[in-house]
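Let's take a friendly walk through this structure, one piece at a time. Keep the picture open while you read.

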Amino acid sequence: MWHTQNLNEKVQEGDEEMKKAAKRNAQILAIDAGGTMTDTFIIDENGDFVVGKAQSTPEDESVGLLNSARDALAYWDTTVEEEFPKLLAGVYSGTAMLNRLVSRKGRRVGLIVNKGMEDFHRMGRAIQAYLGYSYSDRLHLNTHRYDPPLVPRELTRGVTERVDLFGNVVIPLYEHEVEPAVRELLEQDVEAIVISLLHSYKYPHHERKIRDIAKEVMKKVGKEVPVFASVDYYPVRKESHRTNTTIIEAYAADPSRETLIKINNMLKEHGANFDLRVMASHGGTISTRANELARTLVSGPIGGVIGAKYLGEQLGIRNIACSDIGGTSFDMALITQGDLSINTSPDMARLVLSLPLVAMDTVGAGAGSYVRIDPNFKSLTLGPDSAGSRVGVCYPEGGVETVTVTDCHVVLGLINPDNFLGGEVKLYPGRAYEAVKKQIADPLGLSVEDAAYGVIDLLESQLRNYLESMILGKGYSPSQYVCFSYGGGGPLHTAGYTKGLGFEDVLVPAWAAGFSAFGCGAADFEYRYDKTLDINVNDGAADDIKLKAGKELQAAWDELKEKVAAEFEKSQFSRKDVDFRLYFRMQYQGQLNDLEIEAPIEAFKDVNDWDELVNAFEDTYTRVYAKAAKSPELGYSITGAIVRGIVEVPKPKIPVEPLAGETPPQEAFLGKRNVYWKGEWIKADIWEMEKLKPGNKIAGFSIIESPATTFVVPIGFETYLDQHRIFHLKEI
Amino acid sequence: MAINEKELTSRKNIGWDGKTLKQMREEIDQLSRTTGHYAGLKKLPLKETEPIRYEKIFSKLRGGVVHARETAKKVAASPIVEQEGELCFTLYTPEGDSIVTSTGIIIHVGTMGAAIKFMIKNDYEVNPGIEDGDIFCNNDCQIGNVHPCDVHTIVPIFYEGELIGWVGGVTHVIDVGATAPGSMTVGPVTRYDDGYQVACRKIGKNDTLLKDWLIESQRSVRTTKYWLLDERTRVAGCHMIRDLVLDIVKEEGVDTYKKFIREVIEEGRRGFVNQVKTLLIPGKYRQVSFVDVPYKNLDVPPYARVNTIMHAPTELTVHKDGKFQIDFEGVNRWGWHSYNATPVSITSGIWVMMSQTLIPNDRVNDGAYYASQFDLPYGSWLNPDDIRTAHSYAWHFLVSAWSPLWRALSRNYFARGYLEEVNAGNANTSNWLQGGGYNQYNENHAVNSFESAAEGVGASAVRDGISHAAAIWNPEGDMGDMEIWELAEPLIYLGRSIKPNTAGYGKYRGGSGYETLRMVYGAKDWTMFFMGNGYMSSDCGLMGGYPAAAGYRFEAHGTNLKERIEKRLPIPTGGDRDPDNPEYDRLIEAKEIIRDKQAITTETIFENYDLYLNYLRGGPGFGDPLERKPKMIEDDLNEGHLLPRFAESVYGAVVTQDEKGKYIVDEEATAKRREQIRKERLKRGVPTKKWMEKERKKIINKEAAVQVRHMYASTFALSEKFYNEFKSFWNLPKDWKLTEDELGVPVFGRKINKMR
């Protein structure tokens with residue numbers, strides 16, 4: 001709350017002329033409903049935005065949302081009633097579903113599986129006993145533990161059936177076993193039933209048969225609950241992933257639909273003319289009526305990546321390395337040739353899933369990360385645990401006793417202890433100094449300043465390594481990418497973690513603090529559907545085999561296109577409005593990892609198209625895994641088809657301001673501060689970010705402060721603010 | 001010829017400062033031995049003067065090695081590598097000491113080091129030569145490998161003509177062309193049955209694999225595709241790490257790099273010593289384990305047809321100065337089976353274990369090795385005195401011999417109050433479902449299920465061990481998805497279930513094991529076999545806890561499953577919950593149903609619709625079962641971890657069922673029943689001295705199964721010390737002897753015999 005208010009004030013001050021114009025045209029509403037606070041971001045036609053906050057109201061989220069929007073619009077001296085009718089779009093992202101899942105407060109779900117497999121869901125996968133653990137805890141066996149299963153064993157039933165990996169029926173469905181199973185589950189008062197059979201993605205009929213019998217039985221019994229056959233939702237291989245995801249659909253997602261509809265109705269009641277869309281894991285937004293709602297489980301960090309993608313589209317940047325430092329973690333993602341990378345078997349909430357999720361690499365290293373010396377190995381360790389909002393030793397109210405990265409910032413003078421988060425939180429440099437001395441500097445035999453500098457240096461060097469290896473791992477080099485740095489802690493370290501990597505450019509949006517919400521507002525209206533395939537073609541196969549393979553792929557694309565089109569129809573978009581994009585997954589025969597590639601063809605027509613697909617695959621493969629790993633002699637497998645469908649929706653404008661000169665205005669200069677840098681105390685220029693004008697150039701050593709972030713320009717660097725209020729950081 | 005000789009002698013040495021690698025190796029050994037510090041480093045100048053720079057180099061190396069593993073493993077086709085993570089990359093000094101390693105099967109930190117040392121010792125610098133761009137391969141057990149299926153790729157790293165290090169990559173391949181299919185086949189009794197063994201051979205030049213190697217190696221194994229992609233995985237990872245090292249050398253300078261690699265090993269040594277001082281208590285800790293070798297009726301050569309037992313006594317000494325010593329005095333002789341081990345494999349394996357408990361951090365390197373001492377009797381199964389030994393499943397003995405070490409450490413932790421760290425021991429990581437033939441794709445194939453990577457874990461002193469979770473050789477265990485295993489195996493799953501009564505009972509029970517029932521389908525010319533403990537438990541409970549259940553086998557041949565399925569009749573599915581009252585057998589007719597404790601078998605023909613039960617073991621328990629909370633027993637019953645009759649007999653629980661069949665443990669009645677059991681225990685008990693007297697008589701009269709006698713006889717034949725200690729402990733007559741010769745079992749290959 002504190003920083004938002006302050007942030008808004010700053011935005012206001014920096015925007016006097018607009019204020020005089022008085023009339024606002026709110027266009028995009030982005031909602032971030034957290035467990036305790038609901039934030040709303042409202043963006044106007046000029047790209048200006050305002051942030052509102054209010055207590056979340058879990059029993060009826062629309063109440064908290066309305067309060068939050070009122071709070072936001074108050075800064076523009078306007079009202080919900082005035083602005084909602086002008087809105088062109090609204091996007092929701094929230095943690096309610098995730099909380100429901102993590103706290104195991106979802107529906108009472110019954111599960112029907114193959115007879116004999118009744119234990120597999122509760123057994124989970126052993127990997128779930130250490131998902132999300134730090135490296136050392138992954139090794140440290142006694143720390144491993146399982147979370148309780150979403151569906152207990154007593155609500156699981158088996159029916160005899162088996163289909164093999166090719167989709168051949170090995171054991172037909174023992175239909176007579178279905179009714180008793182369904183009845184028993186209904187007797188146990190289940191609120192939904194999930195069906196998941198092995199290899200159903202290859203042979204959907206048995207799951208669907210069970211689904212239909214279940215519905216009949218329910219009618220007979222007079223007790224109807226929703227039924228979810230996994231193949232109707234996630235027809236992809238790996239039963240733990242598929243079953244978990246389908247269960248989440250029944251357990252947490254479907255109950256959330258009601259909430260979303262309520263919010264949508266509330267918005268309409270207040271004059272909104274659009275259908276609320278929900279942020280989804282694949283990086284697009286979907287309707288509240290979408291079939292697969294579990295993919296809206298995701299929230300938070302992907303917003304920034306989508307914002308970067310949109311900003312890249314507007315600025316004509318195709319390859320972007322996104323980096324975001326918050327209090328607890330460093331999040332990285334790559335946008336390559338304008339596309340997000342997608343992880344199709346990700347994990348969330350310590351469960352393996354089969355959702356397409358924007359691929360992000362997260363490292364437990366943020367501003368609040370603890371800094372320690374290992375007592376036995378005498379090595380300096382950062383994280384993985386963090387003080388989070390408790391900041392560090394320098395913030396007595398936080399009650400933290402272990403040095404954090406922020407304490408080191410304070411010692412070095414990089415952050416203003418009297419203006420941290422807009423001055424609402426007062427920091428005590430003396431406390432930080434003492435703690436760094438005792439815990440870090442003395443054991444290492446360094447001065448306090450050198451120790452604090454060393455911590456930051458080590459942190460930035462680790463982040464640089466992660467960023468570099470992520471890009472190299474994709475088969476590219478940093479020089480082919482523009483690095484975007486945002487998030488509260490990002491700009492403080494941008495220079496440090498990009499130094500020497502040779503990025504094409506390094507961008508820090510001045511509006512970095514609200515970047516994630518901006519991203520939500522900028523997301524495409526997009527459905528993405530995946531289907532597992534097993535099409536094998538040997539090296540040098542005859543044309544008829546290639547043709548047959550191509551036809552099978554095309555059939556899958558057609559099927560998925562239908563699915564996507566049907567989703568858009570729910571929102572009154574016809575097929576011609578939809579921009580369809582086709583992808584395929586390919587690997588050498590026998591491999592277990594495939595690559596997702598955009599099809600270089602619009603439809604499969606002839607044998608030449610096959611060669612095009614193979615060439616596109618091999619180009620990517622050799623880039624990612626080195627030439628030596630190329631194995632055409634094994635033949636090729638197409639393992640999946642993907643269709644993305646996108647329709648045009650209104651998106652926020654990027655601010656455009658007239659260029660002023662290179663010299664920053666005097667009123668932006670806040671004075672000088674002592675900063676310890678590379679072994680000496682130097683005088684840094686302090687600037688107020690909001691008062692800098694487009695066209696201004698600032699050389700190191702400078703610190704550009706805003707209430708929500710601090711941007712450091714060290715010696716050897718220079719920054720330039722462009723007309724979109726984006727800083728470009730250059731090494732000179 | 002003259003030219004060649006001249007070339008050889010004028011060749012510049014590739015070691016530092018014009019030395020040979022052999023000279024460097026000798027120097028390091030000499031310095032480390034005389035000073036007690038690795039490479040004689042009493043100080044760490046780089047770390048002490050520039051601690052941040054030092055950490056930066058470390059984190060770049062470590063991060064890069066881990067990342068190379070993550071990237072390279074995606075090239076592989078084998079679920080063993082890709083899904084189970086059975087691969088590892090390690091960076092070495094020019095002398096072959098490990099600096100930093102990735103995650104994964106880190107036992108190979110030591111084995112690849114042994115291969116490098118072997119090449120140095122055998123003057124590879126001169127012939128075949130070690131040059132930039134070379135690729136070497138090793139999987140020879142007698143050079144130091146664990147078993148032939150762990151194949152190493154080793155690449156030298158040169159900087160300006162000087163060798164600055166080595167990088168090694170290892171994967172567990174699915175088949176090595178042994179007598180029967182599968183990576184750890186059962187049946188080999190000599191090295192010559194173990195499969196294709198490559199002894200530190202140069203297989204590539206200029207970063208390219210040589211054609212003769214590619215042809216020969218692929219013709220020597222059954223699963224060529226997997227072999228090929230595994231090798232590409234290893235080469236790709238090694239090259240990524242080589243680039244990383246050269247990058248660091250460019251940034252930091254080669255001199256700094258050279259200093260760094262020495263210091264990081266000495267740092268590892270010091271850190272380990274400090275860790276020992278923090279977590280352990282000086283003193284001697286003794287423990288033992290056994291495991292069965294039921295070979296009498298197996299289809300193996302006559303000299304191998306012996307039923308015997310592995311003997312693995314250990315004495316851990318924690319010295320006051322933090323030195324860590326494990327003495328294996330008393331282990332018995334190697335044998336004509338596939339479970340022999342090499343010294344490197346047992347010591348390296350101990351680090352795999354230590355990194356899960358004593359040093360769970362990223363500083364695992366040869367430093368810890370320099371801080372410890374292992375005494376490994378020559379001629380025993382862990383240090384054979386014969387090149388003919390077979391090793392294809394060395395793990396059968398290794399995992400069994402390590403379990404007592406958990407107990408040794410746990411007694412330390414318990415005494416220091418680190419109750420959460422206590423672990424009653426590791427499961428016997430079996431069964432190994434293996435076999436091969438023509439698979440569902442009609443390809444010549446071998447299978448090796450790694451469902452065994454998720455076994456029950458030992459109990460701690462504050463909670464139950466976790467179920468179906470990990471393996472001693474891989475804390476990041478996983479059972480994988482059934483749909484993925486069915487891609488690799490023509491074996492349809494008919495069940496995957498938690499197996500009751502597999503966890504060791506206790507105040508805190510071990511983690512439960514599980515079982516999967518497989519029906520052969522779509523196979524041709526198909527054989528399979530079993531591999532695991534059957535007659536014996538290789539672990540043992542801790543402080544009153546019970547050991548985990550031992551193994552058994554279930555297989556059914558010539559079943560009427562096809563007909564039953566056609567008629568929609570019930571068929572065996574799910575678990576074999578109570579083998580004493582088998583359900584499966586009631587649901588099928590078959591030409592042959594085998595249920596017995598012979599859990600090690602050689603190739604058996606399986607036809608389609610035959611059944612195979614893959615049972616993965618549980619972990620041992622902690623504390624007296626009579627102290628287990630009734631609510632926990634109730635949960636165990638209702639969740640299928642325990643059969644009711646054992647709740648009564650072992651836990652003293654008084655159990656009833658409600659109308660829905662839910663079990664209820666009556667707390668009050670249970671308390672009473674337990675009191676009674678305690679009284680019965682007292683009544684049954686005899687003073688130790690009296691019991692020993694009784695046992696002593698049995699020993700004097702040699703009243704023990706021939707397997708037990710054989711086990712001790714082969715120990716006595718190797719160790720006078722153990723023999724004398726045994727005699728004095730049991731107060732045996734001076735002339736009491738037990739020899740291998742008196743047992744009527746073959747003594748083929750015996751060399752050392754101190755009982756003569």
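## A sheet in chain B

Start with two strands of chain B: strand E17 (residues 553-559) and strand E20 (residues 611-616) are joined by 2 bridges and run antiparallel. Keep in mind that this is a predicted model. If you want a spot to zoom in on, B:Ala556 has B:Leu611 in E20(B) as its bridge partner.

Now zoom out a bit. That pair belongs to an open sheet of 5 strands in chain B, in the order E14-E15-E20-E17-E18, with antiparallel pairing. At the edges sit strand E14 (491-498) and strand E18 (590-596) of chain B, each pairing on one side only. Going from one strand to the next, the twist averages 15 degrees. As for what holds such things together, strands of a sheet pair through backbone hydrogen bonds, either parallel or antiparallel.

## What the record says about chain B

The UniProt record, an unreviewed entry, annotates residues 51-625 of chain B as "domain: Hydantoinase B/oxoprolinase". In the model, that span is 29% helix and 22% strand, and its end C-alpha atoms lie 51 Å apart.

## Domains of chain A

Over in chain A, the division goes like this: domain 1 (102-253), domain 2 (369-458) and domain 3 (525-647). How far apart do the C-alpha centres of domain 2 and domain 3 of chain A lie? They are 50 Å apart.

## The nonpolar cores

Which residues touch the most other members of the largest nonpolar core? Among its 440 residues, A:Ile193 and A:Val436 do. Helix H15 (residues 448-473) of chain A gives this core its largest share, 13 residues.

Take a closer look at A:Val436. Leaving aside its neighbours within four places in sequence, A:Val436 is in contact with A:Val403, A:Asp407, A:Cys408, A:Val411, A:Ala441, A:Val448, A:Ala451 and A:Ala452. Apart from the largest core lies another one, of 11 residues, including B:Tyr505, B:Tyr546, B:Tyr651 and B:Val655.

## A covered helix

Is helix H13 (residues 405-412) of chain A mostly covered or mostly uncovered? It's mostly covered: 8 of its 8 residues are buried. Among those buried residues of H13(A) are A:Asp407, A:Cys408 and A:Val411, which are also contacts of A:Val436.

So what does the covering? The list for H13(A) includes strand E21 (369-373), helix H14 (429-444), H15, helix H16 (490-498) and strand E29 (669-677) of chain A. Right after H13(A) comes A:Gly413, with a positive phi near 80 degrees.

Note on methods:
Residues numbered from 1 in each chain as written. Chains lettered and ligands numbered in written order. Predicted model: local features only at pLDDT ≥ 70, side-chain atom pairs only at ≥ 80, totals over all residues. UniProt positions renumbered as here; feature names shortened; annotations may be inferred. Helix = DSSP H or I, 4+ residues; strand = E, 2+ residues; numbered from the N terminus. Domains from an automatic or database assignment. Pairing = 2+ DSSP bridges. Axes fitted to C-alpha atoms, helices over the stretch in contact; angles between N-to-C directions. Core = buried A, V, L, I, M, F, W, Y, C linked by C-beta atoms within 7 Å. Buried ≥ 20, exposed ≤ 12 C-beta atoms within 10 Å, placed from the backbone. Contact = placed C-beta atoms within 7 Å.
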